[in-house]
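Trainee: Please give me a close look at a single part of this model, the nonpolar core, together with the contacts and pairs that help to place it.

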Amino acid sequence: MPLFDTVFNAFVTILVTIDPPGLAPLFLAATRGMNREQRLQVSVRASVIAFVVLAVFAVAGAAILTVFGITLPAFRVAGGFLLFFIAFEMVFEKRQDRKEKISDVAITRDHIHNIAAFPLAIPLIAGPGAISATVLLSGSFQGWAGQLALVLIILACLAATYLVFVLAERIDQFLGQTGRSILTRLLGVILAALAVQFVADGIKALMAA
């Protein structure tokens, strides 16, 4: 089984890239006009779909890279840069603006029953950042025990996301615009540091190869 610090770092990385507090106002916007029961159905479906997507990449991430002839160290470097870019967007609040635009476009074009799949599950929850982070982390979770641990970590992150959706109205009122801004920036700084570590590990592995 992976060490505690490896598990904890993986949990933080995936949770930060998903950014549940930042999704709370978007969830409310995407489900406007729905009653509480309908919102609960949407939150369950969105969480389940996102979990399946991320679990697939957690289990088959290395195989997917092999198909394209990409080594894990190379993906670590590329993925690290991508996560750093996402962290940059979080710190300067550009990511939230982009997510709001995606959410608004989807509401006008998609039927209410498809909102859980798009835009909530993909790309707001299981977006490029979360998928890249999952594939990157899969290299540190080898064997069936490691893969199971990573899938459980993803499950815990999606359970936290589901809880945020259930409490979205209260969380949004409690944090307010200022609170969300501060929290998103703090998470962005943490993600930036994790992204730099991914790049450093990838470069070290490439030089050792």
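Mentor: Helices (H or I, at least four residues) and strands (E, at least two) are taken here as DSSP runs, numbered from the N terminus. The model is a predicted one, in which local features need pLDDT of at least 70 and side-chain atom pairs count only at pLDDT 80 or more, while totals for chains, interfaces and linings use all residues. Residues are numbered from 1 along each chain as its sequence is written, and side-chain values use heavy atoms, with hydrogens and water left out.

The setting comes before the core. The protein has 9 helices and 0 strands, and along the sequence the order reads α-α-α-α-α-α-α-α-α. An unreviewed UniProt entry places the annotation "transmembrane region" on residues 6-30, 42-68, 74-92, 112-138, 144-165 and 186-207; such positions are given in the numbering used here, with shortened feature names, and the annotations may be inferred rather than shown by experiment. In residues 144-165 the span is 100% helix and 0% strand, with its end C-alpha atoms 31 Å apart, and residues 186-207 are likewise 100% helix and 0% strand, with 32 Å between the end C-alpha atoms.

Of the 209 residues, 45% are buried, where buried means under 20% relative accessible area, exposed over 50%, and partly exposed in between (1.4 Å probe, protein chains only). The protein exposes about 10600 Å², of which carbon and sulfur atoms supply 70%; these areas come from the Shrake-Rupley method with a 1.4 Å probe, and for residues only the protein chains shown count as cover. Contact means heavy atoms within 4.5 Å, and among the contacts with a separation of 6 or more, 87% join residues 24 or more positions apart.

Now to the core itself, a nonpolar core being a set of buried Ala, Val, Leu, Ile, Met, Phe, Trp, Tyr and Cys residues joined through side-chain atoms within 4.5 Å. The largest one holds 54 residues, and the members that touch the most others are Ile14, Ile18, Leu54, Leu83, Leu120 and Ile125. At least two residues of this core come from each of α1 (4-18), α2 (20-30), α3 (36-67), α4 (72-91), α6 (116-125), α7 (128-138), α8 (143-166) and α9, and α8 gives the most, with 9 residues. Ile125 is a useful place to see the packing, since, leaving aside neighbours within four places in sequence, Ile125 is in contact with Ile18, Leu23, Ala46, Ala50, Leu120, Ala130, Leu158, Thr161 and Phe165.

Two threonines add to the picture of the interior. Thr13, in helix α1, counts as buried because its relative accessibility is 1%, and apart from residues up to four places away in sequence Thr13 touches Ala133, Leu137, Leu194 and Phe198. Thr184 belongs to helix α9 (residues 168-208) and also counts as buried, at 11% relative accessibility; with residues up to four places away again set aside, Thr184 touches Asp19 and Met90.

Helix α9 also takes part in the structure's 1 salt bridge, that is, a side-chain nitrogen of Lys or Arg within 4 Å of a carboxyl oxygen of Asp or Glu. Here the side chains of Glu169 and Arg39 meet at 2.7 Å, N to O, and the pair links distant parts of the chain, with Glu169 in helix α9 and Arg39 in helix α3, 130 residues apart. The partners differ in cover, because Glu169 is partly exposed at 45% relative accessibility, whereas Arg39 is buried at 16%.

Helix α8, for its part, carries Leu148, which is partly exposed with a relative accessible area of 41%. The C-alpha atoms of Leu148 and Ala55 are separated by 9.5 Å, although their positions lie 93 residues apart along the chain.

Aromatic pairs complete the view: rings of Phe, Tyr and Trp (its six-membered ring) pair if their centres lie within 6.5 Å, and planes under 30 degrees apart count as stacked, over 60 as edge-to-face and the rest as tilted. By this rule there are 3 aromatic pairs. Phe4 and Phe8 are stacked because their ring centres are 6.2 Å apart and their planes meet at 20°; both lie in helix α1, 4 residues apart, about one turn of the helix. Phe4 counts as exposed at 69%, and Phe8 as partly exposed at 45%. Phe88 and Phe92 form a tilted pair, with 4.7 Å centre to centre and 45° between the planes, and they are partly exposed at 39% for Phe88 and 48% for Phe92.
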